[in-house]
Amino acid sequence: SFILRNMLMNNFIYIIILIEIIFGIFTAYIAEQKNYSGIAWLILGCLFGPIAFLTSIGLPEKKFHSQF
């Protein structure tokens, strides 16, 4: 019983880590489409999951100003 419970807990942790990485990838993709730093939003997405993902959806598009 202890061994089975321990195995289930290890799998649960791996599933949570996988879900957080997936949130990070989608968050980074959305942020990059809006001209924000993909690496920064990847880290935020991995750390904060759905909160960062929903925040990236609500980001306004960053516009670049021409220097000419």
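Helices here are DSSP runs of type H or I with at least four residues, numbered from the N terminus. The model described is a predicted one.

**Helix H1 and its nonpolar patch**

Helix H1 covers residues 2-33, and Met-9 is part of it. Met-9 has a relative accessible area of 47% and is partly exposed, because the partly exposed class lies between the limits of 20% and 50%. Met-9 also contributes to a nonpolar surface patch of about 960 Å². The other contributors to this patch are Phe-12, Ile-13, Tyr-14, Ile-15, Ile-16, Ile-17, Ile-19, Ile-21 and Ile-25.

Asn-11 is another residue of helix H1. With a relative accessibility of 44%, Asn-11 is partly exposed. Along the chain, Asn-11 and Ser-56 are 45 residues apart, and their C-alpha atoms are separated by 29 Å.

**Packing of H1 and H2**

Helix H2 consists of residues 38-48 and packs against H1 at an angle of about 145 degrees, the two axes being 7 Å apart. The crossing of H1 and H2 is right-handed. On the H1 side, the contact is made by Glu-20, Ile-21, Phe-23, Gly-24, Ile-25, Thr-27, Ala-28, Ala-31 and Glu-32. On the H2 side, Gly-38, Trp-41, Leu-42, Gly-45, Cys-46, Leu-47 and Phe-48 take part. Ile-21 and Ile-25 are named both in this contact and in the nonpolar patch.

Is Thr-27, a residue of helix H1, buried or exposed? Its relative accessibility is 0%, so Thr-27 counts as buried. Leaving aside neighbours within four places in sequence, Thr-27 is in contact with Trp-41, Gly-45, Gly-49, Ala-52, Phe-53 and Ser-56. Of these partners, Trp-41 and Gly-45 are also listed on the H2 side of the helix contact.

**The H1-H2 loop and the segment after H3**

Asn-35 sits in the loop between H1 and H2. Although Asn-35 is not a glycine, its phi is positive, at about 65 degrees. Asn-35 has a relative accessible area of 30% and is partly exposed.

Helix H3 spans 50-58, and Lys-63 is located in the segment after it. Lys-63 counts as exposed because its relative accessibility is 63%, and the exposed class begins over 50%. Between Lys-63 and Asn-35 there are 7.6 Å from C-alpha to C-alpha, with a sequence separation of 28 residues.

Lys-62 also belongs to the segment after H3. Its relative accessible area is 37%, so Lys-62 is partly exposed. Not counting residues up to four places away in sequence, Lys-62 touches Lys-34, Asn-35 and Tyr-36. Asn-35 is thus a residue touched by Lys-62, and the loop between H1 and H2 is where Asn-35 is placed. By contrast, Lys-62 and Ile-16 are 46 residues apart along the chain, and 31 Å separate their C-alpha atoms.

The C-alpha separations are collected below.

| Residue pair | Sequence separation | C-alpha distance |
|---|---|---|
| Lys-63 and Asn-35 | 28 residues | 7.6 Å |
| Asn-11 and Ser-56 | 45 residues | 29 Å |
| Lys-62 and Ile-16 | 46 residues | 31 Å |

Methods. Residues numbered from 1 in each chain as written. Predicted model: local features only at pLDDT ≥ 70, side-chain atom pairs only at ≥ 80, totals over all residues. Heavy atoms only, no water. Patch = residues over 30% accessible without salt bridge, like charges linked within 9 Å, V, L, I, M, F, W, Y side chains within 5 Å. Areas by Shrake-Rupley, 256 points an atom, 1.4 Å probe, with all protein chains shown as cover. Salt bridge = Lys/Arg side-chain N within 4 Å of Asp/Glu carboxyl O. Helix = DSSP H or I, 4+ residues; strand = E, 2+ residues; numbered from the N terminus. Buried < 20%, exposed > 50% of the residue type's maximum accessible area, 1.4 Å probe, protein only. Axes fitted to C-alpha atoms, helices over the stretch in contact; angles between N-to-C directions. Left-handed = near helix turned anticlockwise from the far one by under 90°. Contact = heavy atoms within 4.5 Å.
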